[in-house]
Structure formats: C-alpha cells, structure tokens
Amino acid sequence: MDTKELLKKVRKIEIKTRRLSDHIFGGEYHSTFKGRGMTFSEVRQYQFGDDVRNIDWNVTARYNEPFIKVFEEERELTMMLLVDISGSELFGTTNQFKNEIITEITATLAFSALQNNDKVGLILFSDQVELFIPPKKGKTHALRIIRELLEFKPKSNKTDIGQALKFLSSVMKKKAIVFVLSDFIGDDYEKTLKITGNKHDVTGIRIYDEREQTIPNLGMVQLEDVETGKLQLVNTQSKKVRNAYAQFNKERVTYFKEAFTKAGCGTLDCRVDESYVKKLLGYFKRRG
C-alpha cells in the first residue's frame, strides 16, 4: 500500500469512526467507565459506618486510634486495545474481512477514549507481541493507531492471547480499561486472563464470520489453515467431518465465554455482517 492510498484509507476510517464516537459512544463510554478507577487521596479519623477494609493500619498504630484511607475517583483513565493480527483474521465470506471490522471497532473505541480526554494505547499480537504503542492522548496519536492497524505486517500468523495479556500486565502498572479484539480461536489463556481481570477492566470482543461456524456440503475441497499454512483435503460430504468441525468451533466459543466470565470480564460477540455500532452501544448501556 503506497503512502497516498494509506492516508486515504486512514482518513476514510477516521471520518466514519469519529462520527460514531462523537455522536453515539462518547456519552455512553463516559458513563460506563468514568469513576471506575480510584486513587488514594488522604487519611482521616475513622467514623462510624466507614468500611473497615479501608483502615490504614500503619497510621492507626502510630496514633493509637483508627484512621482510614480516603480514595477519590481518577479523572483520567487509560484504555488499552489488544488486537489480534494473526492469519485467521484475514478471513471473510461477506463484503468485509474480520481484520477490517476489528480496525473500525478499534478506531471507534480509541476516539471515544480521546473524546473523554483519556489516554489510549495499542498492543498488536500474534503468538508474540508484534507492536506496542504506549498510551497517549491526541488526534495524531489516534491516527497513528489506525495507520498501524492498516499497515502493520506481522512476523507470525499464529495466535497466543496469553502472551499478549502477560505483556499487558508487565507494562501497565495502573488499572486500565482493556479491550481484547480477536476471533478467539486459540485457547489456554484462562489463567493469565484471571490475573489480568483482577487488575484491569477487561472486555473480550469476538469478531467472527458465519462461515466459520459450520462447513457447507461442497464435496472434496482443499482447505488451508491460515495460521500454519498447512493444506488439507477435506471431504465436506461427510456428516461426521461437518459435525466435528462445528463441534470444534462451538468448544472454542464456549471456552471464550467461560474463561472471560470466570475472570469477571465482559464479552461481546460481533459477526462481520452485523452492525458493530448496535453491539457496542448495547454493551455500554448494559454496563452503564
């Protein structure tokens, strides 16, 4: 993609997603996430009815009477966007690939955060962290995020969600609002997610294509695993083969839902041919 074409694409996504974030998501995002972060402010003497969990035992011991920690809402929040750029995202049977929808949703979330004067950062991952853009404010920063989403070429086609979550925990010491955008075909990330969910406000947005749910009866077809490049001849006439494929997909979706629920994290499903606007808005409203 040459520079002129890239800038044109960035501009097109900016116009579409900024309009959405300005008119639809700004207020919803604000009411859903503002005030979730609490920061230590001061200590004062304990009063009847105060939460005993907030007692500052060091000050209490020093003065021989109970003191409690006072917290205040953090005015500025940080949003981290974890985006899966593995090979399976380059799939689509309708007019858009999964990675195109992911780019639009990511841009919309980024502009929603910036509109509320919050910082936003980006982690692009495959089975390794491919790119980390530290959280910052400003339109130029948001446009860089969109540019990377459009242009970045991953070193690997495989996926490891756990690696991305581990990296997030190592670079983000303060609580952040985290959106993980992926098709969640991988597994084995439940333990890492639980640790991340204890510290951050995490939501998994699963982007999928209807054709990934089941294989149609097309006779003998050659299928390629986009993450490994492996080609395999598959007899789609076989009901056993079609059922096994559907079952595999169902297990991955169940794992995604259960792992996020157990970790106290939110989930959102979005099919490539559905309106992600309605899906995001509904999710924000439910959470608000």
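Start by selecting Phe-184, Tyr-189, Tyr-255, Phe-256 and Phe-260: together they make one aromatic cluster. For the pairing rule, take rings of Phe, Tyr and Trp (its six-membered ring) with centres within 6.5 Å, and call the planes stacked if under 30 degrees apart, edge-to-face if over 60, and tilted otherwise. Nine aromatic pairs come out of that rule. One of them is Phe-184 with Tyr-189, a tilted pair at 6.1 Å centre to centre and 55° between the planes.

Before going further, some housekeeping. This is a predicted model, where local features need pLDDT of at least 70 and side-chain atom pairs count only at pLDDT 80 or more, while totals for chains, interfaces and linings use all residues. Residues are numbered from 1 along each chain as its sequence is written, and side-chain values use heavy atoms, with hydrogens and water left out.

**The whole chain**

Zoom out and colour by secondary structure. You should find eight helices and ten strands in the protein chain; helices (H or I, at least four residues) and strands (E, at least two) are DSSP runs, numbered from the N terminus. Now colour by accessibility, with buried meaning under 20% relative accessible area, exposed over 50%, and partly exposed in between (1.4 Å probe, protein chains only). Of the 288 residues in the protein chain, 45% are buried. For a contact map, let contact mean heavy atoms within 4.5 Å. Take the contacts between residues at least 6 apart in sequence: 73% of these join residues at least 24 apart.

**The loop between β6 and α6**

Go back to Phe-184, which sits in the loop between β6 (177–182) and α6. Is Phe-184 buried or exposed? Phe-184 counts as buried because its relative accessible area is 1%. Its ring partner Tyr-189 is buried too, at 1% relative accessibility.

Check the backbone while you are here. Most residues other than glycine have a negative phi. Phe-184 has a positive phi, near 55°. Select Asp-188 in that loop, and you get another positive phi, near 65°. Asp-188 is exposed, at 66% relative accessibility.

**Where α5 meets α6**

Next, show helix α5 (residues 161–171) and helix α6 (residues 190–199). Their axes come within 9 Å and cross at roughly 35°; the axes are lines fitted to C-alpha atoms, for helices over the stretch in contact, and angles run from 0 to 180 degrees between N-to-C directions. The crossing of α5 past α6 is left-handed, meaning that the near helix is turned anticlockwise from the far one by less than a right angle (clockwise would be right-handed).

Which residues make the contact? On α5, pick Gly-162, Leu-165, Lys-166, Leu-168 and Ser-169; on α6, pick Thr-192, Leu-193, Thr-196 and Lys-199. This α5 and α6 contact splits into three nonpolar, four polar and two charged residues. Here Ala, Val, Leu, Ile, Met, Phe, Trp, Tyr, Cys and Pro count as nonpolar, Asp, Glu, Lys and Arg as charged, and the others, Gly among them, as polar.

Stay on Leu-168 in α5. Leu-168 counts as buried because its relative accessibility is 0%. Leaving out residues up to four places away in sequence, Leu-168 touches Met-80, Leu-82, Ile-123, Val-178, Thr-196 and His-200. Draw a C-alpha to C-alpha line from Leu-168 to Thr-196: 8.1 Å in space, for 28 residues of sequence.

Now slide along α6 to Asn-198. Asn-198 is exposed, with 67% relative accessibility. Gly-264 is 66 residues from Asn-198 along the chain, but their C-alpha atoms are separated by 7.8 Å.

**Three more stops**

Jump to Glu-148 in helix α4 (residues 139–151). Glu-148 is buried, at a relative accessible area of 15%. What does Glu-148 touch, not counting residues up to four places away in sequence? Show Leu-122, Leu-124, Leu-131 and Ile-133 to see the answer.

Then select Arg-206 and Tyr-208. Arg-206 lies over the face of Tyr-208, 4.2 Å from the ring centre. The rule for a charge over a ring is NZ of Lys or CZ of Arg within 6 Å of the ring centre and within 35 degrees of the ring normal.

Finish at Val-234 in strand β9 (residues 231–235). Val-234 is buried, with 12% relative accessible area. From Val-234, measure across to Leu-218, 16 residues away along the chain: the C-alpha atoms are separated by 9.7 Å.
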